[in-house]
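This report introduces a structure to a reader who has not met it before. The sequence and the model are shown first, and a description arranged by helix follows.

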Amino acid sequence: MVLPYGGTESSCREYTEVWLKGKIQAGKLHLPEGQKVYGMSVYLAKHIWDAIGSTVIAARDAMGFLQSMAGVVNRVNKPIQWTTPCGLPVLQEYKETKDKRIKTRIGDALVFFSISETLDKINISKQRSA
């Protein structure tokens, strides 16, 4: 159950595919002729996701509330912070990064290195999904 932790319909499909492959490898499931694991996982995940939404209503509502609050905080480019019930302070700060590719020669070989520079701007999508 990943919904309260930012699970998505896409991650539900991925977990379903892993589950299907495990059942097939264990010999407990055989796909109908012409069916592919990916197609079956898409079909099943849609129904699983819909069932989660209608069964675990409070979790989906809570996730929506937290995502909307993250959106408010993101607009002012601030990290999200809160204190847990036991007093632990939490700081969630995902920042935008800028990747740089460096090309250099070592001996006769051409070598590429990548480095990431952290920017001052909050990464809105990561903040919202986390």
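## Helix H3

On one side of helix H3, the exposed residues are Ala58, Asp61 and Arg75. The description that follows rests on a predicted model. The buried residues of H3 are Ala59, Met63, Gln67, Ala70 and Asn74. Viewed along the axis of H3, these buried residues fall within an arc of 70°, so they line one face of the helix. The cover over the buried residues of H3 includes strand S1 (80-83), strand S4 (109-122) and helix H4.

In length, H3 has 19 residues, and the distance from its first C-alpha to its last is 27 Å, close to the 27 Å expected at 1.5 Å a residue.

## The loop after H3

Asn77 is found in the loop between H3 and S1. This residue has a positive phi of about 55°, although Asn77 is not a glycine. The relative accessible area of Asn77 is 35%, a value at which the residue is partly exposed, since buried means under 20% and exposed means over 50%.

## Helix H2

Helix H2 covers residues 37-55, which makes 19 residues. At 1.5 Å a residue, H2 should span 27 Å, and the 26 Å between its end C-alpha atoms agrees with that expectation.

Within H2, the residues Val37, Ser41, Ala45, Trp49, Ile52 and Gly53 are buried. They cover an arc of only 120° around the axis, and therefore lie on the same side of H2. The face turned away from this buried side carries Tyr43, Ser54 and Thr55, which are exposed. Helix H1 (9-25) and helix H3 (57-75) are among the elements that cover the buried residues of H2.

## Helix H1

The 17 residues of H1 should span 24 Å at 1.5 Å a residue, and the end C-alpha atoms of H1 are indeed 24 Å apart. Ser11, Cys12, Arg13, Thr16, Glu17 and Leu20 are the buried residues of this helix. The cover over them includes H2. Just after H1, Gly27 adopts a positive phi of about 75°.

## Two residues of H1

Arg13 belongs to helix H1. Its relative accessible area is 15%, and Arg13 is therefore buried, the limit being under 20%. The side chain of Arg13 is joined to that of Glu17 by a polar contact of 2.4 Å. Leaving aside residues up to four places away in sequence, Arg13 touches Tyr38, Ser41, Val42 and Ala45. In the case of Val42, the two residues are 29 residues apart in sequence, while their C-alpha atoms are 5.7 Å apart in space.

Tyr15 is also placed in helix H1. With 52% relative accessibility, Tyr15 counts as exposed, because the exposed class begins over 50%. The C-alpha atoms of Tyr15 and Ala45 are separated by 8.6 Å, and these residues are 30 residues apart along the chain. Ala45 is one of the buried residues of H2.

## Gln127 in helix H4

Gln127 is located in helix H4, which comprises residues 124-129. The relative accessibility of Gln127 is 1%, so this residue counts as buried. Which backbone atom of Tyr94 does the side chain of Gln127 reach? That side chain reaches the backbone nitrogen of Tyr94, at 2.8 Å.

The neighbours that Gln127 touches, not counting residues up to four places away in sequence, are Ala70, Asn74, Lys78, Pro79, Ile80, Gln92, Glu93, Tyr94 and Ile122. Among them, Ala70 and Asn74 also appear in the list of buried residues of H3. H4, in turn, is included in what covers the buried residues of H3.

## Aromatic rings

How many aromatic pairs does the structure hold? The number is zero. An aromatic ring does take part in an arrangement with a charged group: the charged end of Arg101 sits over the ring of Phe112, at 4.1 Å from the centre of that ring.

Terms used: Residues are numbered from 1 along each chain as its sequence is written. This is a predicted model: local features need pLDDT of at least 70, side-chain atom pairs count only at pLDDT 80 or more; totals for chains, interfaces and linings use all residues. Side-chain values use heavy atoms; hydrogens and water are left out. Helices (H or I, at least four residues) and strands (E, at least two) are DSSP runs, numbered from the N terminus. Buried means under 20% relative accessible area, exposed over 50%, partly exposed in between (1.4 Å probe, protein chains only). A polar contact is a pair of N or O atoms within 3.5 Å; within protein, one must be able to donate a hydrogen and the other to accept it, and residues adjacent in sequence count only if both atoms are side-chain atoms. Contact means heavy atoms within 4.5 Å. Rings of Phe, Tyr and Trp (its six-membered ring) pair if their centres lie within 6.5 Å; planes under 30 degrees apart count as stacked, over 60 as edge-to-face and the rest as tilted. A charge sits over a ring if NZ of Lys or CZ of Arg is within 6 Å of the ring centre and within 35 degrees of the ring normal. The expected span of a helix is 1.5 Å times one less than its number of residues. The arc is that of the directions from the helix axis to the C-beta atoms.
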